[in-house]
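Biologist: Hey, can you pull up that model so we can go through it together?
Modeller: Sure, here it comes.
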Amino acid sequence: MNNKLRVLQVGCGGISNNWLTTLKGREDIEIVGLVDLDENNAINKRNDFNLTCDTYTDFEKAIADTTPDVVIDNTIPEIHHRIVTTSLKADCHVFGEKPLADTMENAIDMVKTADKLNKSYSVMQNRRFLKDIRSFQSIIEKQMIGELGFIGASFYIEAHFGGFRDIMDSPLILDMAIHTFDQARFISGCDPISVYCHEFNPSGSWYKGNASAVCIFEMTDNVVFSYNGSWCAKGNLTSWECDWRAMGSDGAARWDGKSAPWYEKPSDTQNMFPAEYERNIIDNDDNYEEGHAGCINDMIDSLKKGIPSQTDCKDNIKSLAMVMAAIKSSKEQRKVYINEIIDI
Ligand SMILES: NC(=O)c1ccc[n+]([C@@H]2O[C@H](COP(=O)([O-])OP(=O)(O)OC[C@H]3O[C@@H](n4cnc5c(N)ncnc54)[C@H](O)[C@@H]3O)[C@@H](O)[C@H]2O)c1
């Protein structure tokens with residue numbers, strides 16, 4: 001592989017700004033083409049980012065013309081399977097936006113294709129790359145609260161998107177909860193075993209589908225993960241990163257999703273109802289860039305080192321499986337085991 005990675009950007013909508021900003025800022029990246037069904041979107045990005053590459057509407061022609069090392073898939077979820085498998089078969093690695101795929105069948109096929117062809121497919125999970133979540137994760141990993149037994153996430157946001165989210169069946173679980181579920185795996189270091197999910201659409205909701213949900217996940221290591229979420233909350237909102245609580249055998253930790261997390265341990269352990277707790281704020285700085293930039297840098301650096309990125313598809317499919325199992329549980333009104341939909 002040359003020092004400079006030749007990159008083809010496919011999909012030039014809203015989120016491509018985050019990608020192009022980081023890609024343009026790296027000296028080891030050469031952007032060799034921009035593709036969008038609407039060529040004006042590609043032309044606009046070329047102008048906005050002062051690029052000189054060609055623009056395309058035909059993705060297959062763009063791959064043939066530019067022979068990239070890496071394809072960036074920033075298209076909509078229904079198209080990810082086609083863009084990713086075509087790119088892998090054309091001998092390219094792929095870095096793509098979440099979600100990995102629109103269905104479990106497509107996701108499994110994409111992971112198998114990458115594996116068979118020995119190519120890398122990494123998926124954007126920008127919320128892993130925040131300083132505060134990494135501090136929170138370190139509280140659990142270093143057992144500062146003892147052995148983890150429970151983590152809970154609350155997500156209450158008032159979001160008036162308009163467009164496709166307002167009319168889809170499971171807007172919260174399908175479009176948003178992938179972030180939270182992936183965060184739960186990252187924070188706990190555990191994988192999902194089963195889920196019971198109850199989706200609902202409370203009065204006052206402006207969504208057609210279920211904009212609220214409660215989920216209980218059984219995780220490995222006897223950990224329980226509970227999720228309460230709504231996209232139609234009208235007050236007492238949380239951050240988009242969620243309000244988190246973790247309970248361990250020796251103490252408990254909190255992260256509000258926007259400031260440094262902390263943990264507490266009782267200092268008067270002899271009392272029936274301990275009244276005093278020692279609080280420790282954890283504010284690590286591990287030199288990762290925040291959000292998209294951190295995740296994209298990890299994808300590129302891992303590829304160059306020949307190691308899987310932190311959001312490699314083989315791992316990320318477990319987060320997607322949590323989403324798909326939750327939707328199945330909600331539809332069938334029963335507990336669903338993750339191994340009913342994927343062999344992990
Ligand atoms: N990580 C995050 O925080 C985050 C935030 C927003 C969106 N996303 C994800 O990013 C992806 C794109 O979202 P967006 O908000 O940029 O959407 P968007 O609609 O603004 O952009 C998508 C672009 O892809 C183009 N496109 C569609 N099909 C194509 C095809 N076959 N070939 C070439 N171009 C095609 C569209 O014309 C459009 O310009 C989605 O998967 C979405 O879930 C992630």
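Modeller: We'll talk through the ligand site and then the sheet, and keep in mind this is a predicted model.

Biologist: OK, where does the ligand sit?
Modeller: In the largest pocket.

Biologist: And which residues come nearest to it?
Modeller: There are 22 residues around the ligand, and the nearest are I15, D36, N41, K98 and N126.

Biologist: What does I15 offer the ligand, backbone or side chain?
Modeller: Backbone: a polar backbone atom of I15 is 2.9 Å from a ligand oxygen. With N41 it's the side chain, where an N or O atom is 3.0 Å from an oxygen of the ligand. T75 has a backbone N or O atom 3.4 Å from a ligand oxygen.

Biologist: How much of the ligand's area does the protein cover?
Modeller: 78% of the 840 Å² that is accessible when the ligand is on its own.

Biologist: What's the shell like by class?
Modeller: It has 10 polar, 8 nonpolar and 4 charged residues.

Biologist: Which element gives the largest share of that shell?
Modeller: Helix α4, residues 77-89, which puts in 4 residues.

Biologist: Switching to the sheet: how many strands, and is it open or closed?
Modeller: It's an open sheet of 9 strands with mixed pairing, running β14-β13-β12-β11-β7-β10-β9-β8-β15. At the edges, β14 (277-281) and β15 (336-337) each pair on one side only.

Biologist: How does β15 join β8, parallel or antiparallel?
Modeller: Antiparallel, through 2 bridges to β8, residues 192-200.

Biologist: And what stands opposite V195 there?
Modeller: V336, in β15.

Terms used
Residues numbered from 1 in each chain as written. Predicted model: local features only at pLDDT ≥ 70, side-chain atom pairs only at ≥ 80, totals over all residues. Heavy atoms only, no water. Near = heavy atom within 4 Å. Polar contact = N/O pair within 3.5 Å; in protein donor to acceptor, adjacent residues only side chain to side chain. Areas by Shrake-Rupley, 256 points an atom, 1.4 Å probe, with all protein chains shown as cover. 1 Å grid on protein atoms, 1.4 Å probe; cavity = no way out; pocket = protein on both sides within 12 Å on 5 of 7 lines; lining within 4 Å. Sits in = over half its atoms within 2 Å of the grid points. Nonpolar A, V, L, I, M, F, W, Y, C, P; charged D, E, K, R; others polar. Pairing = 2+ DSSP bridges.
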